[in-house]
Amino acid sequence: MSAKRLKRQLIRKRLFTKNRLVILNEDSFEELFSLRLNLMNVFVVLTSVSIVMIALTTYIIAFTPLREYIPGYASTKLKREATENALRSDSLQKVINENSAYLASIKKVLTGDLDHTKLSRDSIVPGDQPALTDEEMQPSKADLKLREEVAKEDKYNLFESAKPKVGLVLFAPVKGHITENYNAKAKHFAVDIALAKDTPIKSIAAGTVILADWTPTNGNVIVLRHNDGILSVYKHAASLTKEQGDIVKSGEVIALAGSTGVQSTGVHLHFELWKDGYPINPTQFIDFE
């Protein structure tokens, strides 16, 4: 027990023993600086300096932009770019959802899952309109004057340039015998044209391919979007020469005739024409023979 006490007293004596740190001139041995200290003072000073350094480093990392230069910490620019990318991805997802809904509606049109009563615009009967009298049917003075001026211009204008009366000309996708005509009551919104195998099928007008895929019911199907809200649909093709997103010209080959799909009864083209979401009879605008 006395040995331990003696050892403690020796350690305490070493810690609190006064020492002097002296700086002398090497040539004249003149004392330039002196400092009295002990081991306990040195320990306290080093501990205090360490605590201050740790606190200062913590403050710099937590509350100043200098932390961006420390590996592992994200910069403000990187966070801003990440936020912008998140907003862009959300906008792209919205566009993808809209395109998916549009393609789903197109596929619904192709499968014939439509309500005929909603598509038949002929069933809309206009309201009663009052009959016009002979006096009301007579042209006014301003109308007569305008007709005279137009007649004079047409009479003496020898170089009048001809202007087209139609905005869109539709060409026949194929030439052949129609085996089944358009029949809205039977929900057959197309014409079927008998063809030889691998007959080239052409685009009726310039447009963009919005669907080019194979379906179990209709086989190879390609859908083109044209101006003025017109869609042209080609079904049961043996193969397709265009892909979704391609831009085609009038008369350009887009597929080869075949007999694909469960509903196909032979080599033919099932051709549909749509305007603003309503089916129309293709034979009213296209001569297939």
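Strand S1 (19-24) and strand S2 (31-37) each contribute at least two residues to a nonpolar patch. The model described here is a predicted one. The patch lies on the surface, covers about 470 Å² and consists of Leu 21, Ile 23, Leu 32, Phe 33 and Leu 35. Strand S2 provides the largest share of the patch, namely three residues. Ile 23 belongs to strand S1. Ile 23 has a relative accessible area of 43% and therefore counts as partly exposed, since that class lies between the limits of 20% and 50%.

**Salt bridges**

Side chains of opposite charge can pair when their charged atoms come close. The structure contains three salt bridges, which are set out below.

| Salt bridge | N to O distance |
|---|---|
| Lys 235 and Glu 272 | 3.0 Å |
| Glu 252 and Lys 242 | 2.6 Å |
| Lys 275 and Asp 276 | 3.6 Å |

The side chains of Lys 235 and Glu 272 form a salt bridge at 3.0 Å. This pair connects distant parts of the chain, with Lys 235 in strand S8 (residues 230-240) and Glu 272 in strand S11, 37 residues apart. Lys 235 is buried because its relative accessibility is 3%, under the 20% limit for that class. Glu 272, with a relative accessibility of 5%, is likewise classed as buried.

A salt bridge also joins the side chains of Glu 252 and Lys 242. Glu 252 is located in the loop between strand S9 (247-248) and S10, and Lys 242 in the loop between S8 and S9, so this pair ties together parts ten residues apart in sequence. Glu 252 is partly exposed, at a relative accessibility of 24%, whereas Lys 242, at 19%, counts as buried.

Lys 275 and Asp 276 meet through their side chains at 3.6 Å, N to O. Lys 275 has a relative accessibility of 27% and is therefore partly exposed. Asp 276 reaches 52% and is therefore exposed, the limit for that class being over 50%.

**Aromatic pairs**

The count of aromatic pairs comes to four. One of the pairs is formed by Tyr 182 and Phe 189, which are tilted, with 6.4 Å from centre to centre and 55° between the planes. Phe 189 has a relative accessible area of 8% and is therefore buried. The ring centres of Tyr 234 and Phe 271 lie 5.3 Å apart with the planes at 55°, so this pair is tilted; planes from 30 to 60 degrees apart fall in that class. Tyr 234 is part of strand S8 and Phe 271 of strand S11, so the pair ties together parts that are 37 residues apart in sequence. Tyr 234 and Phe 271 are both buried. Tyr 182 and Phe 189 also belong, together with Trp 274, to one aromatic cluster.

Strands S8 and S11 thus recur in two of the interactions described: the salt bridge of Lys 235 with Glu 272 and the aromatic pair of Tyr 234 with Phe 271.

**The surroundings of Ser 264**

Ser 264 is situated in the loop between strand S10 (253-257) and strand S11 (268-275). Ser 264 is buried, because its relative accessible area is 15%. The Ser 264 side chain comes to 3.1 Å from the backbone oxygen of Gly 266. When neighbours within four places in sequence are set aside, Ser 264 is in contact with His 236 and Ser 259.

Notes:
Residues are numbered from 1 along each chain as its sequence is written. This is a predicted model: local features need pLDDT of at least 70, side-chain atom pairs count only at pLDDT 80 or more; totals for chains, interfaces and linings use all residues. Side-chain values use heavy atoms; hydrogens and water are left out. Patches are made of residues with over 30% relative accessible area and no salt bridge: like charges are joined within 9 Å, nonpolar side chains (Val, Leu, Ile, Met, Phe, Trp, Tyr) within 5 Å. Accessible areas come from the Shrake-Rupley method with a 1.4 Å probe; for residues, only the protein chains shown count as cover. A salt bridge is a side-chain nitrogen of Lys or Arg within 4 Å of a carboxyl oxygen of Asp or Glu. Helices (H or I, at least four residues) and strands (E, at least two) are DSSP runs, numbered from the N terminus. Buried means under 20% relative accessible area, exposed over 50%, partly exposed in between (1.4 Å probe, protein chains only). A polar contact is a pair of N or O atoms within 3.5 Å; within protein, one must be able to donate a hydrogen and the other to accept it, and residues adjacent in sequence count only if both atoms are side-chain atoms. Contact means heavy atoms within 4.5 Å. Rings of Phe, Tyr and Trp (its six-membered ring) pair if their centres lie within 6.5 Å; planes under 30 degrees apart count as stacked, over 60 as edge-to-face and the rest as tilted.
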